[in-house]
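Subject: the two-chain model

Hi,

Here is the model I said I'd pass on. Have a look at it first, then read my notes below.

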Amino acid sequence: MKTSAVFSAFLSLLSLGSAASSEVKSSSTSTTLPATFKPPQVFKNANLVHVISVEKNYVKENINVLVENIEKAAQHEYFVPFMADQMARLGGVEVKDRKDSTAGPFVAEAVEFDQESDIQYLRIRFPKPLAPGASQTLGITYYLLKAYKPLPASIKQEEQQYLSFSFSAYCPSAYTTSKQKTEVKFPTSTIPDYTKLPGSGDAKEFPLKQGSKLTYGPFDEKPAGATQPVSVRFEFNKPVTHVSRLERDVEVSHWGGNVAFEERYTLHHRGANLSALFNRVKWQQSQYYQPTTFALKELKFPLRVGSADAYYTDVIGNVSTSRFRSNKREALLEIKPRYPVFGGWKYPFTIGWNSDAKTFLRKTAAGGFVLNVPFLEGPRQQEGVEYEQVQIRVILPEGAENVQYHTTIPTQSITEGDVEIHRTFLDTLGRTALVIKARNLVDDFRDRELTVTYDYPLMAILRKPLVVFGSAMAVFVGAWLVGNLDLKIATRK
Amino acid sequence: MDSSLHEVWQAAAGSPFVPTVGKGSQFLVAFVLLVLGFTLGGAFALNRSAVTLPVLAAPASLALAFGVVYMFCAVGVYV
């Protein structure tokens, strides 16, 4: 930092080019409607299948619905209701046409109309308006974070962990639903408690249990907004890993031909707390006779082939319990936290690595540069990982301009995209940094792409050596001038 | 967001970015340039004049300039 401070003094002497003027296209994910808003009853759900997957430590929900336009005019907006607390935990919304994959992009966005209302809406815009009487099969996928509660809330360290989850057996809908059923998929077939409902037709009672799956329904016609609260309690003897904040830096260096990655995690375990003090002896014993545990003891990060110089630190410093295997086929970073992480515990840590720029950076025909990096590269765990807040910072070289980006992450999860200035070693103006903020993502979005294009003019490329050149020349010229000064006391002859 | 950026990435498949000096030779290049820079700088210090300023000081500054940038990269601070 001192180096950059000294060189910045010489900046005023050298007008090396214009300041980095960068543009970025950001996305907005919400719209505002009047407080009295109610979705118009223009659709009917002819058939609906709601699949809730609680197999991982986040909830993945999939609503496959055949919608019919019952109005006389063409319609292009479909509303999905959520409870207000669900809305804050909702992420990764993707909508597809189940029968026609080329139907074009459906835009899903949160509707802001009344902050006090218990019901909030997600608006889905059709690529083409749905004609009167016509129908379309929508596949709506989304994720809910922080969805479970451990029950019992505290257990012994060698006991099994059980989680409970509450939902509605009738799929929440803003429209009348003629026929529907709700399937719940579990990680194991051990489901000690679940709400039973009176059956209809052939079934005496709901749900029907088949292995690790429960099915509520089929139900007959239900009005808009109908709900039937049910809850399930199931075995989940795996860590409930929750990353409350992930800061991911991607630093591009043209001079070094390098792309450096650093990820800072604030990790929590949202599972059952320990009912007694942690016993190290019991823990070591259980590693031999009962290796499965609900404590988090290892994280595996499959990185891109060619990654090098991996490091793993936490607040104390370097953590030596890690292994990095990098060869032609893989680059796998395996880390063990300093202590097994049990429910209610927290473990913040940092990992980082380098890669050759040629893997991620290309020159475009127009003379600019295009960078393509994974948006998320978190751990790949069997039980999944959920991310509440994600901040990706792409630090481009000093003087990069005309920044544009595109990501394949669902736009509903992107909250902000902005260009900032990041100052570090040997900088004068500071580097152009594209900062993208996202929320409520899960590890299913691992390896989704982030593409950034930018221009990097020659004078900006040469800024660093020119600043050092100017500084050195100033020292030499100064030395010459000072050496020429006549400091003698003797009188002139 | 502009979805055409992915096509830009695909179109540029044939021209990956390759730096002027590869990672393997950064230290050697930086070291040689810094030695050259300090030698010329030292020579200028011994004989400071209006003639040696462009002959010794300017090439010394140039060698130091690129030497410093590459030495930063060679020690792992990818600037």
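What follows is a run through chain B, its contact with chain A, and a few spots in chain A.

First, the housekeeping: this is a predicted model, with local features needing pLDDT of at least 70 and side-chain atom pairs counting only at pLDDT 80 or more, while totals for chains, interfaces and linings use all residues. Residues are numbered from 1 along each chain as its sequence is written, and chains are lettered from A and ligands numbered from 1 in the order in which they are written.

Chain B has three helices and zero strands (helices are DSSP runs of H or I of at least four residues, strands are E runs of at least two, both numbered from the N terminus). The C-alpha trace of chain B spans about 60 × 25 × 20 Å along its principal axes. Its elements run α-α-α from the N terminus on. The radius of gyration of chain B is 19 Å, well over the 12 Å that the globule rule gives for 79 residues, so chain B is more spread out than a compact globule (the radius is taken over C-alpha atoms, and the rule is 2.2 Å times the number of residues to the power 0.38). Of those 79 residues, 38% count as buried; that takes 20 or more other C-beta atoms within 10 Å of a residue's own, while exposed is 12 or fewer and partly exposed is in between, with C-beta atoms placed from the backbone.

Helix α2(B) is worth a closer look. Its 21 residues (26–46) should span 30 Å at 1.5 Å a residue, and the end C-alpha atoms are indeed 30 Å apart (the expected span is 1.5 Å times one less than the number of residues). Q26(B), A30(B), L33(B), G37(B), L40(B), G41(B) and F44(B) are buried in this helix. Seen down the axis of α2(B), they fall within an arc of 110°, so they line one face (the arc is that of the directions from the helix axis to the C-beta atoms). The face turned away from that buried side carries the exposed L28(B), V35(B), G42(B) and L46(B). What do the buried residues of α2(B) pack against? They pack against α6 (463–484) of chain A together with α3 (52–74) of chain B, where contact puts C-beta atoms, placed from the backbone, within 7 Å.

Now the contact between the chains: 35 residues come from chain B and 40 from chain A. On the chain B side, α1 (5–11), α2 and α3 each supply at least two residues, and α3(B) gives the largest share, 13 residues. The chain B side divides into 27 nonpolar, five polar and three charged residues (Ala, Val, Leu, Ile, Met, Phe, Trp, Tyr, Cys and Pro are nonpolar, Asp, Glu, Lys and Arg charged, the others, Gly among them, polar).

Finally, some backbone details in chain A. Most residues other than glycine have a negative phi, and most peptide bonds are trans. A cis peptide bond joins L151(A) and P152(A), with omega about 0°, and P152(A) lies in the loop between β9 and β10 (154–155). The bond from G217(A) to P218(A) is also cis, with omega near 10°; P218(A) lies in strand β18 (213–219). D309(A), in strand β24 (308–314), has a positive phi of about 55°, and counts as partly exposed with 13 C-beta neighbours inside 10 Å. N440(A), in strand β33 (431–442), has a positive phi near 55° and counts as buried with 26 such neighbours.

Cheers

Note on methods:
Contact = placed C-beta atoms within 7 Å.
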